[in-house]
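Reader: I'd like to learn how to read the empty space inside a protein. Can you walk me through it?

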Amino acid sequence: MTSTDTARRRGRLPSASDLDALTGDRDRVIDLIRLTSLVVVIAGHSVMLTVTVDAGGLTLGNLLADFPMLQAATWLLQVLPLFFFAGAAAATYGLSAGPMPAAGHWLFTRAQRLLRPVFWYLLAVLATSMATSAVGAHAAADVVARLGVQLLWFLGAYLLVLAVVPLLQRICVPVHVVVALATAWGITAVVDVLRLAVGWPTVGYLSFLTVWSIPAILGVAYAKGLVSPPQAAAGALGLLIVDIALVSVGPYETSLVTVPGQQVSNMNPPSLLLAGHAIVLCGAAIAVRRPLARLASRARIWWWVVSGNRGAMTLYLWHLPMLALLIVAGQSIGLSRDPAQGAVLFGAVVGTQTVLLLGAMVPAVAALSVFENRLLPWWDGPVATGAARSRDLMVSGALVVTGGATLMTARNGLVDDGLVWAAVAVTGALLARAMAGRR
């Protein structure tokens, strides 16, 4: 029996030493970065959301559209590249621990953990949408079906990036890092020229892979010790200057998240500005690794980091439903998120609800993360340790289809074509499961 099991039997939470025994010799900085990036994203979603209720119904807005001067703050709040950075670094540690596994089957083992809570979440969204439609609240059902899956774009992009992580293991010396970054950044620049200047918008989908591969490249480089803190700081500063120039003289908007009324979104598809921002963020993270390591070495901090990471996907998936409940409760007692009521009252309501959201997610994750960590017999069965190359490629292909279809589901919602894309995503995952199983 482990010390963690003993703590549970005694009716107390695991101590820092219990968690040390559970986690082993992990890179605490990576776990700290992963959880912190999710918390910042959740807080950012809460702060930016505005809600107007009038005779015409309910209107969801964005604070950055009402107050454009705040858009520069997204250069601090858009931290999702750090999650890709941490994921690639953690994967590299695992791949370096033994013989290189078959890429497709390795990818499936990562997808098992990643997609397990998504199945439960999709069932909940579908059930809620159908229930609200059944009682005649068709407008609410449409909102649930569309907004309920909007954040799944991240999981689709993350799965696509994980598919290239085994290839990135060929990065072995610092010059490889420079070449890989230059290639991804350069391809993104060409894509932006084609979609913005030539008028080929469809080619922008390629940027989901090239841009989000950039933090993965730096995550691999970090795990292998190929970039020193001074080098990372210099690279981050250089790309920050380039990003400022792109906004000053180029076609790019200041906001690094999508804002209603934008001419060019930096997120959908990811732009060259976001590619540079990823280098800035990840370079800064490498540059301050030692202070972060000291912070993560504190017992209480490490306890929260480990506990949070065990329910990371639950935290991400369920924070918008929890925010919706808080907004409805506030609206029922006259606490509106309408910025027209005045900056002071609006700020007080949003600030209070954001703090309540972060606090409420602690028991929510504690309750719901059981679905993230409980194995599903039909999904979490054993994976073949060896497979023919053709079969391994089919597993990879099925999961890449799942990632791409998840992106399209998030874009369309669980209505019309979105339902078709959701079916394609689930089918791809089940095909991968069938092909990756032991024979």
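Reader: How much space lies in the largest cavity?

Author: The general idea: rolling a probe the size of a water molecule over the atoms shows where empty space is left. On a 1 Å grid over the protein atoms alone, a cavity is a set of points where a 1.4 Å probe fits but cannot get out. Points are joined across faces, edges and corners, and the volume is the space filled by probe spheres set on them. Here the largest cavity holds about 160 Å³.

This is a predicted model, where local features need pLDDT of at least 70, side-chain atom pairs count only at pLDDT 80 or more, and totals for chains, interfaces and linings use all residues. Residues are numbered from 1 along each chain as its sequence is written, and side-chain values use heavy atoms, leaving out hydrogens and water.

Reader: Which residues are the closest to its centre?

Author: Lining residues have an atom within 4 Å of a point. There are 15 of them, and Leu115, Val118, Leu122, Thr406 and Ala425 are the closest to the centre. Two or more lining residues come from each of α7 (103-134), α9 (153-168), α19 (389-412) and α20 (417-436); helices are DSSP runs (H or I, at least four residues), numbered from the N terminus.

Reader: How many cavities of 30 Å³ or more are there?

Author: Two. The second largest has a volume of about 50 Å³, and its lining is Pro117, Trp120, Tyr121, Thr314, Trp318, Leu368 and Phe371. α7 gives the largest share of that lining, three residues.

Note on methods. 1 Å grid on protein atoms, 1.4 Å probe; cavity = no way out; pocket = protein on both sides within 12 Å on 5 of 7 lines; lining within 4 Å.
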